[in-house]
Amino acid sequence: VIRLTQLAIVALAAAAALFPMPADEVERLYSRGIYPRVQTLVTPLTNQLPFALLDVLLIGAGGALLAVIGGACLSAWRTRRFRPLGAGIANVVVLAAAGYLAFLVLWGLNYRRVPLSDRIAQEASAVSEERVLQLGLRAAAALNRLHEPAHATGWAGEASRNRELVAGLAAVQRALGDPREAEPGRLKPTLLGPYFRGSGVDGMINPFGLEVLANPDLLPFERPFVAAHEWAHLAGYADEAEASFVGWLACLSADAPAQYSGWLFLYWQVSGTLAASARTQLTDALAEGPRDDLRAIVERMRRSEWPALRRAGRAVYDQYLKANRVDEGIRSYDRVVTLILRTEFADGWTPVRREITP
Ligand SMILES: [Zn+2]
């Protein structure tokens with residue numbers, strides 16, 4: 001019976017990897033069906049834990065792997081046979097398959113849902129460099145205007161306790177037609193902190209515990225956007241550009257400090273996609289205050305980053321995205337600018353939903 005169960009787990013994982021469900025089925029049954037219920041159940045529980053569940057899981061998985069491989073090697077040595085090694089490898093395969101299935105069921109299937117760009121009204125026209133620059137200038141103007149009130153209020157307190165930011169996310173989810181408001185996760189420190197620091201990762205969610213893990217060095221004005229971006233992941237927006245889109249909109253409908261954080265992100269993103277001459281125009285539009293804050297972010301990254309680790313980290317994440325059928329890999333980060341520019345907004349920044357005719 002155990003053999004059969006093990007075979008079934010491996011077969012199921014292989015089937016899930018090789019024959020994905022159609023996107024509209026995933027959307028209906030999972031992303032708008034089971035997943036939101038699971039999320040609103042699991043995140044409040046992991047929020048209660050004083051540590052990151054992912055740390056425990058990583059240590060546990062590492063220990064299990066060592067025990068299985070070590071045990072197999074030991075008994076191969078004792079019996080002078082290769083058979084125990086084969087059994088050990090088979091056990092590792094079963095463990096990996098079970099982990100992959102758990103990943104898909106708890107969060108990962110969200111990679112296979114209907115893209116957000118199919119659910120909201122989008123212009124078909126290509127995005128010109130001129131429009132990207134205009135968006136950047138808009139971000140610069142917002143930063144100049146918000147710098148003083150944002151700094152006056154400050155960023156004290158945990159982001160998940162910021163009622164306005166939480167309400168902002170709920171408002172965006174309502175506008176996008178989500179069936180249930182996501183439960184925000186608090187930004188937890190993790191044993192992976194040094195890795196985040198060295199590889200330049202701002203944060204991530206733990207797909208097995210639906211909790212948010214953050215880079216310990218984030219500056220106060222970076223935290224609201226990072227929180228909102230990760231909450232968008234928790235809300236089922238697995239795609240990076242979509243998570244940034246949702247997170248940015250959530251910041252925009254919150255208080256001045258969160259708005260400032262959202263615009264800071266967008267300014268950074270736009271600036272990175274512009275050619276040098278347009279970028280100069282953008283930098284010139286920025287007042288001294290926001291410029292200092294951006295300089296502080298660059299300084300933070302320069303201080304803690306380990307370029308080789310950053311490259312390795314990016315390569316691993318790129319492979320991970322491709323394994324989850326995100327073909328652009330890590331470049332999908334830049335798509336958020338396109339997504340914002342193509343989306344039709346009503347009164348302020350409310351995305352217009354597309355009427356779906358069955
Ligand atoms: Zn993300």
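Tutor: Contact here means heavy atoms within 4.5 Å. The model is predicted.

Student: What share of the chain's contacts with a separation of 6 or more comes from residues 24 or more positions apart?

Tutor: Those residues account for 77% of such contacts in the chain.

Student: Which helices and strands should I look for, and how many of each does the chain have?

Tutor: The secondary structure comes to 14 helices and 5 strands.

Student: How does the radius of gyration of the chain agree with that of a compact globule?

Tutor: A compact globule with 358 residues would have a radius of gyration near 21 Å, and the chain has 22 Å, so the two agree. Along the principal axes, the C-alpha atoms fill a box of roughly 75 × 55 × 40 Å.

Student: What percentage of the residues is buried?

Tutor: Buried means under 20% relative accessible area. Of the 358 residues in the chain, 45% are buried. The chain exposes about 18100 Å², and 62% of that area is supplied by carbon and sulfur atoms.

Student: Asn110 can serve as a single case. Is Asn110 buried or exposed?

Tutor: Asn110 has a relative accessible area of 3%, so it is buried. Asn110 lies in the loop between helix 4 (83-106) and helix 5 (129-153).

Student: Which residues does Asn110 touch, leaving out those up to four places away in sequence?

Tutor: Asn110 touches Tyr30, Ser31, Tyr35, Gly236 and Ala238.

Student: How many positive and negative side chains are there, and how far apart are the centres of the two sets?

Tutor: There are 38 positive and 36 negative side chains in the chain, with the centres of the two sets 9 Å apart.

Note on methods
Residues are numbered from 1 along each chain as its sequence is written. This is a predicted model: local features need pLDDT of at least 70, side-chain atom pairs count only at pLDDT 80 or more; totals for chains, interfaces and linings use all residues. Side-chain values use heavy atoms; hydrogens and water are left out. Helices (H or I, at least four residues) and strands (E, at least two) are DSSP runs, numbered from the N terminus. The radius of gyration is taken over C-alpha atoms; the globule rule is 2.2 Å times the number of residues to the power 0.38. Buried means under 20% relative accessible area, exposed over 50%, partly exposed in between (1.4 Å probe, protein chains only). Accessible areas come from the Shrake-Rupley method with a 1.4 Å probe; for residues, only the protein chains shown count as cover. Lys and Arg count as positive and Asp and Glu as negative; His and the chain ends are not counted. The place of a charge is taken as NZ of Lys, CZ of Arg, CG of Asp or CD of Glu.
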